[in-house]
Amino acid sequence: MKKKIYKRNRLTHIKIGSLIAVGLLFTVSCGSESTRTDELLSEQLAETQEQIEDLQQTIQDLQQNTENQSAEVEESQDETVLEEEQIENSDEQVEDSQDESEVDQIMREEMMLLKSYLWLENSEEVEELQKLLGVEADGWYGAVTREAHLTALEEKGFPAGGVPDEEPPPCPPQDPMPDSEAIPMASIVLDMDGDGNTESGQTYYNWDLEVFYAHVSGSGFGPYWVELDDIGVAPANQWKASFGTDVNADNRSEFWVRQIPFGASTVGYRVLIFEDCELKIAYIPDSNELFIDGGTVGTSWRIACEVEDGAPVIVQYEIVVGAVEGEGSLTGMVYQLSSTGFTFVTVRNLETFEDPGGPYGTDCESWIHDPPPWIES
Ligand SMILES: [Ca+2]
Ligand SMILES: [Ca+2]
């Protein structure tokens, strides 16, 4: 546009130049004519001057227009630049706010993943987590959610500290125990399922069936019971709730019941555990024997809670005093408690094991009721 205006101006200048030249030539060539001719020339000159003035005015007008147009062009260019800048700025703002909301979203999601949840928790937080994980959003934290949660955490390299341990479904209560009479002895405190809530352990006897039972019940637990086999020969055998332990340090109590009388100056014990929603007898492997404590001067037994290769174990010692010093024997059967009962670990004897001299069982015992009689306080 500027170029066009410039061209037009140049043309105008050339035209004016030509007119002035013609006028001057005319004046020079006609200088010596008569007065009439002078008048005529004057008229022509005036006319020419007028034309020149008109042309000058035209030039001025044109220049003015050009300036105005340039100014307008610049102005509009400025406006365009301004508009472009504004557009850029608003683009940046949009991008900024998009970035911010994306960062917020990512942070929210990561917080959701890292949050701690409870097993079988039912909450809006779980529902949000499930939506994020892309599993059915029913609001319950169960096995499917846990699996997806673990995978998501692993993908991001996040710790899985907030993922709850998978727990078996709550145990249904057992059918009622046959109508039985509680053995008159104080019940003992246990936590058979390790949930932190204590249960009460007790023994019962059914006169019609002539059967003893061990029975455990508590808030949100059971009741559960198990028949105690009668291994004694004397009809007066009685099973009594004795004490609770956690010999394998899994926070789940073992329920010790003793048979009285078991024999002269000895006491026999059964150990009960709670596994797979059942109260069970933890037997000595391949045996119906009881754990025995006590004895005579010649032969005695000790039950000890000890450590074997770093693992808590129960050791059943049998100590035989020989007629002559040095002829005695000491044998310790080492058992480890597992979910199915006791498993045999090893045998200790005086060749492989130095007699600690008693009292035994001071390494790993965790008695949560009265200390057993062989622990000297
Ligand atoms: Ca409990
Ligand atoms: Ca235990």
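Trainee: Two strands count as paired if DSSP finds at least two bridges between them. With that settled, how many residues lie between β4 and β5 in their hairpin?

Mentor: Two residues lie between β4 and β5, and G220 in the turn has a positive phi of about 70°. Please keep in mind that this is a predicted model. The two strands, β4 and β5 (residues 221-228), are antiparallel and pair over six bridges.

Trainee: Which residue in β5 stands opposite H215?

Mentor: W225 of β5 stands opposite H215. Another feature of β5 concerns P223, which is found in that strand. The peptide bond that joins G222 and P223 is cis, with omega at about 10°.

Trainee: And on the other side of the sequence, how does β3 pair with β4, parallel or antiparallel?

Mentor: Strands β3 (residues 199-206) and β4 (residues 211-218) pair in the antiparallel sense, over eight bridges. One of the bridge pairs joins E199 to G218 in β4. The hairpin of β3 and β4 has four residues between the strands, and E210 takes a positive phi near 55° there.

Trainee: Changing topic: how many helices and strands are there overall?

Mentor: The protein has four helices and 14 strands. Helix α4 covers residues 143-156, which is 14 residues. From first to last C-alpha α4 reaches 20 Å, close to the 20 Å expected at 1.5 Å a residue. Just after α4 comes G157, with a positive phi of about 70°.

Trainee: Which residue in the loop between α2 and α3 should I look at?

Mentor: L120 is found in that loop, between α2 (35-114) and α3 (124-133). L120 is not a glycine, yet its phi is positive, at about 65°.

Trainee: Is L120 partly exposed or buried, and why?

Mentor: L120 is partly exposed, because 15 other C-beta atoms lie within 10 Å. A second case is D309, in the loop between β11 (299-308) and β12. The phi of D309 is near 50°, again a positive value in a residue other than glycine. D309 is exposed, because it has 9 other C-beta atoms within 10 Å.

Trainee: What does β12 join to?

Mentor: Seven bridges join β12 (residues 311-320) to β13 (residues 329-338), and the two run antiparallel. V315 has V334 of β13 as its bridge partner. β13 in turn pairs with β14 (residues 341-349), antiparallel and over eight bridges. In that pairing Q336 has T343 of β14 as its bridge partner, and the hairpin joins β13 to β14 through two residues.

Trainee: Which residues touch the most other members in the largest nonpolar core?

Mentor: They are A214, F255, V257, L272, L279 and I314, in a core of 39 residues. Leaving aside residues up to four places away in sequence, I314 touches V247, I303, C305, Y335, L337 and F342. Across the protein, buried residues make up 20% of the 377 residues.

Trainee: Last topic: what is the mean pLDDT, and where is the value below 50?

Mentor: The mean pLDDT is 77, and 69% of the residues reach 70 or more. Residues 1-33 have pLDDT below 50, and that stretch has 26 contacts in the model beyond near neighbours in sequence. Residues 362-377 are also below 50, with 39 such contacts.

Trainee: How should the coordinates be read where pLDDT is low?

Mentor: Predicted coordinates should not be read in detail where pLDDT is low.

Technical notes: Residues are numbered from 1 along each chain as its sequence is written. Chains are lettered from A and ligands numbered from 1 in the order in which they are written. This is a predicted model: local features need pLDDT of at least 70, side-chain atom pairs count only at pLDDT 80 or more; totals for chains, interfaces and linings use all residues. The expected span of a helix is 1.5 Å times one less than its number of residues. A residue is buried if 20 or more other C-beta atoms lie within 10 Å of its own, exposed if 12 or fewer, and partly exposed in between; C-beta atoms are placed from the backbone. A nonpolar core is a set of buried Ala, Val, Leu, Ile, Met, Phe, Trp, Tyr and Cys residues joined through C-beta atoms within 7 Å. Two residues are in contact if their C-beta atoms, placed from the backbone, lie within 7 Å. pLDDT is the predictor's confidence in each residue, from 0 to 100.
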